[in-house]
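Work through the exercises below with the sequence and the model open. Each task is followed by a solution in steps.

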Amino acid sequence: MIQPIRQLIHDGQTDEAIRQLDALIAADRTQDEAFYLRGNAYRKQGNWQQAINNYLEAMEINPKSPAHGAYRMMIDILDFYDKDRYNQ
């Protein structure tokens, strides 16, 4: 069930991937991979806050989740971003 969702995200069909992941999570909130993938889909959409929220959920469920790497990457990018420089 997860592999087709991975493919949807890869193909840019993030709305459909999120819809399917929402259903998986509603059925079982212990699936850290579903939260991780939903975070990836939101990140691909540019919805960084939802991506971070989902990565945090995945990390809470599974301390060894790959969401740790994705979360750190996003925080590093956000820390690097200089609002004064880019919003002139």
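**Exercise 1: the buried side of a helix**

The buried residues of α2 are covered by elements that include α1 (2–10) and α3. This is a predicted model.

Task: find which residues of α2 are buried, and state how they are arranged around the axis.

Step 1. Helix α2 runs over residues 14–27 and has 14 residues. From its first C-alpha to its last it reaches 20 Å, close to the 20 Å expected at 1.5 Å a residue.

Step 2. The buried residues of α2 are T14, A17, I18, Q20, L21, L24 and I25. They cover an arc of only 165° around the axis, which puts them on the same side of α2.

Step 3. Turn to the face away from that buried side: D15, A26 and A27 are exposed there.

Step 4. Take T14 as a sample residue. With a relative accessible area of 9%, T14 is under the 20% cut-off and therefore buried. Not counting residues up to four places away in sequence, T14 touches L8, A41, K44 and Q45.

**Exercise 2: the same analysis for α5**

Task: determine which residues of α5 are buried and what they pack against.

Step 1. The 14 residues of α5 should span 20 Å at 1.5 Å a residue, and the end C-alpha atoms of α5 are 20 Å apart, which agrees.

Step 2. A67, A70 and M74 are buried in α5. Seen down the axis, the buried residues of α5 fall within an arc of 65°, so they line one face of the helix.

Step 3. The buried residues of α5 pack against α3 and α4. On the other side of α5, D76, D79 and F80 are exposed.

**Exercise 3: the nonpolar core**

Task: describe the largest nonpolar core and say which helices supply it.

Step 1. The largest nonpolar core has 23 residues. Those with the most contacts inside this core are I5, I9, L21, Y36, L37, Y55 and A67.

Step 2. At least two residues of this core come from each of α1, α2, α3, α4 (48–61) and α5 (67–80). The largest share, 6 residues, comes from α3.

Step 3. Look at I9. Leaving aside neighbours within four places in sequence, I9 is in contact with A17, L21, L37, A41 and K44.

**Exercise 4: charged side chains**

Task: examine salt bridges of the model, then account for D32.

Step 1. The model has 4 salt bridges. One of them joins the side chains of E33 and R6, at 2.3 Å, N to O. E33 lies in helix α3 and R6 in helix α1, so the pair ties together parts that are 27 residues apart in sequence.

Step 2. The side chains of R19 and E16 also meet in a salt bridge, at 2.5 Å, N to O. Both R19 and E16 lie in helix α2, 3 residues apart, about one turn of the helix.

Step 3. D22 and R38 form a salt bridge through their side chains at 2.6 Å, N to O. This pair links distant parts of the chain, with D22 in helix α2 and R38 in helix α3, 16 residues apart. D22 is partly exposed at 32% relative accessibility, whereas R38 is buried with a relative accessible area of 14%.

Step 4. D32, in helix α3 (residues 32–45), is buried yet has no salt bridge. The nearest side chain of opposite charge, R6, is 8.7 Å away, and a salt bridge needs the atoms within 4 Å. Leaving aside neighbours within four places in sequence, D32 is in contact with A58, I61, N62 and S65.

Methods
Residues are numbered from 1 along each chain as its sequence is written. This is a predicted model: local features need pLDDT of at least 70, side-chain atom pairs count only at pLDDT 80 or more; totals for chains, interfaces and linings use all residues. Side-chain values use heavy atoms; hydrogens and water are left out. Helices (H or I, at least four residues) and strands (E, at least two) are DSSP runs, numbered from the N terminus. Buried means under 20% relative accessible area, exposed over 50%, partly exposed in between (1.4 Å probe, protein chains only). Lys and Arg count as positive and Asp and Glu as negative; His and the chain ends are not counted. Contact means heavy atoms within 4.5 Å. The expected span of a helix is 1.5 Å times one less than its number of residues. The arc is that of the directions from the helix axis to the C-beta atoms. A nonpolar core is a set of buried Ala, Val, Leu, Ile, Met, Phe, Trp, Tyr and Cys residues joined through side-chain atoms within 4.5 Å.
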